[in-house]
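Work through the exercises below with the sequence and the 3D structure open. Try each task before reading its solution.

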Amino acid sequence: MDDQTWARAPIEPQSVNAPLSTSAIFLVVTVTADDEAAVATARDVVSDIGGLVRAVGFRDLGGRLSCNVGIGSDLWARFDQPSKPSQLDRFHTIPGSGGHTAVSTPGDLLFHIRGERLDQCFELERLILARLGDTVEVVDETQGFRYFDSRDLLGFVDGTENPTGQSMAEAALIGDEDPDFAGGSYVVVQKYLHDLTAWGALSTEQQEQIIGRTKADNVELDDSDGSRMSHKSLNTIVDENGVEHDILRDNMPFGRPGAKEFGTYFIGYSRDLWVIDHMLRRMFIGNPVGEYDRILDFSTAVTGTTFFVPSNDVLEGLAT
Ligand code: HEM
């Protein structure tokens, strides 16, 4: 390849568009040590994440192991870079109506590990934490699993309306609007705990009105008759020019029945942070105000953090 061809090579995102997997681990850590060595360790580990993924993934390529690294705004500031992704910001708490709050919780780094084999995901997490050593504190680690035909623990098929192909790239990846960070993505995570006893006390029809789809066969319901908006409709964002704005989700169920813990780990990738923010405001505050997403009467957000997922080039360039 000549120099000009190299110059035209497309920017390579991380594995944002990896196919939905059977297993996932969501690991959120903070860089607690406040010395420069700790920041340098974090930079070196994330810039070499590809090496760790290959080390574990190559042992069974059929496991399709992947890992996306997200970096929080506070840590980005400590990375001493010439510029900052234009929309990167902390997750701001949303005090909602009906007593529901979208809480903001700490997080400097997110590792979104996906694959067909939980042992490979586990091994990768183990190696990442060993490399990070005691420069970090684990804020949360959640092991998610695929539940039957991609259902959440509320019993509904989750992920149907995700954009695919070119629409996925348009929805999830930064383009020319922020050239230094093209091929990157913003990601928001929230860990939700469900009250399955209360949810199970509803009739199937009531549950379907809340979600906006039928439960057994996953068909969209029309709620344009002025009745209270469903989860599906609150999360359909159309701007003043009639353009719909999507995000890319890869929610995973998690739980420990023995501890009565049942949850959904929400993860949303977006080219524009405002789209997810808008969705959250409609869910928590309501549209109109007060008519919040009734999914929240049965689901409590216990975490909420925003990260920037750089392209592979930017990530590798963080090596010290
Ligand atoms: C749709 C579940 C949280 C955004 C859906 C659907 C289900 C679901 C079952 C319908 C099928 C589909 O298209 O995927 C859940 C659960 C959540 C949760 C159990 C947590 C308790 C969130 C959050 C957001 C969100 C926090 C955004 C900030 C969306 C979007 C759609 C959707 C954009 C597609 C809407 C459409 O275009 O039809 N969700 N969700 N969800 N959800 Fe969620």
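The exercises cover the ligand, its surroundings, a salt bridge and two backbone features.

This is a predicted model, in which local features need pLDDT of at least 70 and side-chain atom pairs count only at pLDDT 80 or more, while totals for chains, interfaces and linings use all residues. Residues are numbered from 1 along each chain as its sequence is written, and side-chain values use heavy atoms, with hydrogens and water left out.

**Exercise 1.** Find the protein donor of the iron atom of the ligand, and place it in an element.

Step 1. Donors are N, O and S atoms within 2.8 Å of the metal (3.2 Å for Na, K and Ca); water is not among the atoms, so sites may look incomplete.
Step 2. NE2 of His231, at 2.1 Å, is the only protein donor of the iron.
Step 3. Histidine 231 belongs to helix α9 (residues 231-234); helices (H or I, at least four residues) and strands (E, at least two) are DSSP runs, numbered from the N terminus.

**Exercise 2.** Describe the shell around the ligand.

Step 1. The ligand is surrounded by 27 residues, the closest being Gly159, Thr160, Glu161, His231 and Arg249; a residue counts if one of its heavy atoms lies within 4 Å.
Step 2. Sorted by class, the shell has eleven nonpolar, ten polar and six charged residues. Here Ala, Val, Leu, Ile, Met, Phe, Trp, Tyr, Cys and Pro count as nonpolar, Asp, Glu, Lys and Arg as charged, and the others, Gly among them, as polar.
Step 3. The largest contribution to the shell, four residues, is from α10.

**Exercise 3.** Which parts of glycine 159 and glutamate 161 face an oxygen atom of the ligand?

Step 1. For glycine 159, a polar backbone atom is 2.5 Å from a ligand oxygen.
Step 2. For glutamate 161, a polar backbone atom is 3.0 Å from a ligand oxygen.

**Exercise 4.** Find the salt bridge of aspartate 60, and say why it links separate parts of the chain.

Step 1. A salt bridge is a side-chain nitrogen of Lys or Arg within 4 Å of a carboxyl oxygen of Asp or Glu; the whole structure has 16.
Step 2. Aspartate 60 pairs with arginine 117 (2.8 Å, N to O).
Step 3. Aspartate 60 is in the loop between α3 (49-57) and β2 (66-71), and arginine 117 in the loop between β5 (109-115) and α5 (118-132), so the pair ties together parts 57 residues apart in sequence.

**Exercise 5.** Locate the cis peptide bond and the positive phi of arginine 64.

Step 1. Asparagine 287 and proline 288 are joined by the cis bond, with omega about -5°.
Step 2. Arginine 64, not a glycine, has phi of about 45°, and lies in the loop between α3 and β2.

Note on methods: Polar contact = N/O pair within 3.5 Å; in protein donor to acceptor, adjacent residues only side chain to side chain.
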